[in-house]
Amino acid sequence: MSKIVWQLPVKQSNFTDHDWIHPKAKYHAFKNNASICGKYLQDTDYFETSIDETELMSEKIQYACNKCLKMLQKRD
Ligand SMILES: [Zn+2]
């Protein structure tokens, strides 16, 4: 089974050389470089916006994507 990685989605801008993260972005659960809510695709090995799952679940649950959380519960 592939590992789940919680990451902030990074938008690659066409206008600058910089990748950026939306200030109100939520953490999404990525599996095989795709968020399980189906909204984002990104190379999770490349970007370093990951958060420890335990930390996210205990302290930062409000920053987690609701849809991803629900999908994860269904999986179990
Ligand atoms: Zn999501």
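The sheet in this predicted model is open and has three strands, ordered β1-β4-β5, with antiparallel pairing. At its edges stand β1, residues 5–7, and β5, residues 34–35; each has a single partner strand, so one side of each is left without a neighbour in the sheet.

Let me turn to the pairing of β1 with β4. Strand β4 covers residues 28–31, runs antiparallel to β1 and is joined to β1 by three bridges. One residue to locate on your screens is Q7, whose bridge partner in β4 is H28.

I come now to the core. In soluble globular proteins, nonpolar side chains tend to be buried together. Here, the largest nonpolar core has eight residues: V5, W6, Y27, A29, F30, I36, C65 and C68. Both β1 and β4 contribute to this core, with at least two residues each.

Which residues does I36 touch, if those up to four places away in sequence are not counted? They are A29, K31, C68, M71 and L72. Of these contacts, A29 and C68 are, like I36, members of the largest nonpolar core.

Finally, I would draw attention to T49, which is found in the loop between β5 and α1, the latter being residues 53–59. Is T49 buried, exposed or partly exposed? T49 counts as partly exposed, because 16 C-beta neighbours lie inside 10 Å, whereas a buried residue would need 20 or more and an exposed one 12 or fewer. This loop residue also brings us back to β1: T49 and Q7 are 42 residues apart in sequence, yet their C-alpha atoms are 5.3 Å apart in space.

Methods
Residues are numbered from 1 along each chain as its sequence is written. This is a predicted model: local features need pLDDT of at least 70, side-chain atom pairs count only at pLDDT 80 or more; totals for chains, interfaces and linings use all residues. Two strands pair if DSSP finds at least two bridges between them. Helices (H or I, at least four residues) and strands (E, at least two) are DSSP runs, numbered from the N terminus. A nonpolar core is a set of buried Ala, Val, Leu, Ile, Met, Phe, Trp, Tyr and Cys residues joined through C-beta atoms within 7 Å. Two residues are in contact if their C-beta atoms, placed from the backbone, lie within 7 Å.
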